[in-house]
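Let us walk slowly through a protein structure, beginning with its metal sites and moving on to its aromatic rings. Please keep the sequence and the picture in view while you read.

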Amino acid sequence: MDKKQISKILTEMALLMEIKGDNPFKIRAHENAARILDGLGENLAELAAAGKLTGIKGIGQGMADKITTLLSDQPLEEYDRLKKAIPAGLLEIARIPGMGPKKVKAVWQELNITNLEELEAAGKADRLSGMKGFGAKTQEKILENIELMKRFQDRYLISEGETAAASLYQALKDQPGVIRCEIAGSVRRRKETIGDLDLVVSAEDRHRAAIMDFFTTLPGVETVKSKGDTKSTALLSSGISADLRIVSDAQFPYLLHHSTGSKEHNVAMRQRAIQQGLKLNEYGLFRDETNISCADEEAIFRELGLDFIPPELRENYGEIEAAAQQTLPKLLEMNDLRGVIHTHTLWSDGVHSVEEMARAAQKLGYEYLVISDHSKVAAYANGLNAERVKQQQAEIDAVNARMDNFRILKSIECDILGDGTLDFPDEVLATFDLVIASIHSKFGMTRDEATRRLIRAMENPYVTVLGHPTGRLLLAREGYAIDHHAVIDAAAELGVCIEINANPRRLDLDWRFLKYAKEKRVQIAISPDAHRIEGYDDVRYGVGIARKGWLEKDDVLNTRTAEEVLAFARKRRQ
Ligand code: DGT
Ligand code: CA
Ligand code: CA
Ligand code: ZN
């Protein structure tokens, strides 16, 4: 087990204990330990091996023992006991926004509710509203959120899908007999959420059965939904379902293309083939009944008179026409990014200091870091008032003076207030190198109101970047509706950059509007919205979304130098 998995288990244990009604100190200890592991820079296994776990502030002997047990994949008795004592459905209930552990405990003990269905039934029968701490409004909210959860139940974030797919891929690719192996489906297309995993393998016939046996008995497999010589479906313990298909190496490129999708792209490709007197399907590309041999996907596209279409673009959003005219974009790559935009530190709700965040960014090869803690109205996130802004800026100056070939830019994630004005007066805004403006409150607006609120905020000349434009939380909360085109038009006219918030829960601005933004020449920032060093990893999801939106290096603000970013911000202020 790795650090991340252990932290997840400790968090789950804290939740289980809270539902059970355990000692608050014990609960806090588990929560704290999880947080410490998340922020830990060192290698956990090495620390444990050297007996140095108790040297970490906040980790006592008892906790160190638990971590060591989990590290070595031994069963943790206390965890197993908790899981036995608390019905699993209650954990699901605890994920409903508005259902804290206290409420979960109450419905369990007073109404004997142990799963989502029972909770929904109780709500519909108006049995929740009378309970202490609930009320009619809460009941209504809970029912709404159950509705949302049911809708999202069978989908997963790209981060979850990618991790699960990558571990299957790693296991399969070196199996005896495997010639080629690829992840296909929505994960390969870098969709923001995924339904199931699709893996494709080529192998000689005689190896197929053994590869299927291997796949269906992998440690992460909970149940096998179907098993055959050419196709199997396994349900992983994470809840994600995975399809594996095995074909001959000659058929591999066609199957890879087919399984990558999207369905809409495939349909359009098949139509193009028909127009050329050909037939394309998962088994081959045929003229009459003869297969045109293609060594790889590139060859399939070439035979159809097309440039290679990167998987991210395969959504039937005009990619086939562009490939025919050789006008596909040269998509953004990770390496094009020079700086990190939108990060938080200990000054607000982040877990690392200014210097820690800066050194970590430099280590990853970045040239600059835009630190943007929350502004004062965001009290829940320890937002900065004008006085603390001054102190933070002094600290940034000091760290900048200590660092070579790296620069921290001073910024703020300034709240957009209900009327579209900003949380700081212009004199304070002027002290930042750039300003990110975001909505974090008063989501109950009409589409018109939300659009006006965003545009009014962008009209302030100190605003450089519009943060997570819709406030959506994927698979959890619908964003407020906005007129995307009007917001993008305004950004173009005003010279404001819009971010792709790269946190896999957000991925907001949605990729479906990026092509329009690009046509309007709006600059886009790829922002990890990192609250800890590990958060920098999320940039990859943002790059995936940028690529889905046809973005090239020049469309992205943080492919530019720090000086250029400063100039971009300054231009609006003149
Ligand atoms: P997901 O799993 O919902 O996130 O999305 P995908 O795109 O991974 O869809 P999935 O797993 O149902 O199927 C994988 C690919 O197989 C899909 O992207 C395209 C192809 N495919 C599935 N059904 C059809 C179909 O009815 N027609 C065509 N042409 N292709 C299909
Ligand atoms: Ca899929
Ligand atoms: Ca599938
Ligand atoms: Zn934010």
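The donors of the calcium ion (ligand 3) follow the spacing D-x1-D-x44-D along the chain, and it helps to keep in mind from the start that the structure shown here is a predicted model. Read onto the residues themselves, that pattern corresponds to D196, D198 and D243, whose OD atoms coordinate the calcium ion (ligand 3) at 2.3 to 2.7 Å, with D196 listed twice among the donors.

Where does a second calcium ion come into the picture, and which residue coordinates both? The calcium ion (ligand 2) lies 3.7 Å apart from the calcium ion (ligand 3), and D196 is the residue that coordinates the two of them. The aspartates can also be described by how much of their surface is accessible: because D196 has a relative accessibility of 25%, it counts as partly exposed, whereas D198, at 17%, falls under the 20% limit and therefore counts as buried.

From D243 we can step to a neighbour, T233, which lies in strand β6, made up of residues 231-236. The side chains of T233 and D243 are joined by a polar contact of 2.8 Å, so that a residue of this strand is linked by its side chain to one of the donors of the calcium ion (ligand 3). If residues up to four places away in sequence are left aside, T233 touches V224, K225, S226, S241, A242 and D243. With a relative accessibility of 10%, T233 counts as buried.

The next site holds a zinc ion (ligand 4), which is coordinated by E413 through OE and by H440 and H468 through NE2, at 2.0 to 2.2 Å. Along the chain, the donors of the zinc ion (ligand 4) follow the spacing E-x26-H-x27-H. Distant parts of the chain are linked here, since E413 belongs to strand β13 (residues 407-415), while H468 belongs to the loop between β15 (465-466) and α21 (484-494), and the two are 55 residues apart. Are E413 and H468 buried or exposed? E413 counts as buried at 1% relative accessibility, and H468 is buried with a relative accessible area of 1%.

We now leave the metals and turn to the aromatic rings, for which the count comes to four aromatic pairs. One of these pairs is F301 with F308, whose ring centres are 5.6 Å apart and whose planes stand at 90°, so the pair is edge-to-face. F301 counts as buried at 0% relative accessibility, but F308, at 31%, counts as partly exposed.

Another pair is formed by Y317 and W511, with ring centres 5.3 Å apart and planes at 50°, which means that the pair is tilted. This pair also links distant parts of the chain, for Y317 is in the loop between α15 (297-303) and α16 (319-324), and W511 is in the loop between β16 (497-501) and α22 (514-519), 194 residues apart. Y317 is partly exposed, with a relative accessible area of 36%, whereas W511 is buried, with a relative accessible area of 4%.

Finally, rings can be paired with a charge as well. K279 lies over the face of F286, at 5.6 Å from the ring centre, and the charged end of K515 sits over the ring of W550, 3.9 Å from its centre.

Conventions
Residues are numbered from 1 along each chain as its sequence is written. Chains are lettered from A and ligands numbered from 1 in the order in which they are written. This is a predicted model: local features need pLDDT of at least 70, side-chain atom pairs count only at pLDDT 80 or more; totals for chains, interfaces and linings use all residues. Side-chain values use heavy atoms; hydrogens and water are left out. Donors are N, O and S atoms within 2.8 Å of the metal (3.2 Å for Na, K and Ca); water is not among the atoms, so sites may look incomplete. Buried means under 20% relative accessible area, exposed over 50%, partly exposed in between (1.4 Å probe, protein chains only). Helices (H or I, at least four residues) and strands (E, at least two) are DSSP runs, numbered from the N terminus. A polar contact is a pair of N or O atoms within 3.5 Å; within protein, one must be able to donate a hydrogen and the other to accept it, and residues adjacent in sequence count only if both atoms are side-chain atoms. Contact means heavy atoms within 4.5 Å. Rings of Phe, Tyr and Trp (its six-membered ring) pair if their centres lie within 6.5 Å; planes under 30 degrees apart count as stacked, over 60 as edge-to-face and the rest as tilted. A charge sits over a ring if NZ of Lys or CZ of Arg is within 6 Å of the ring centre and within 35 degrees of the ring normal.
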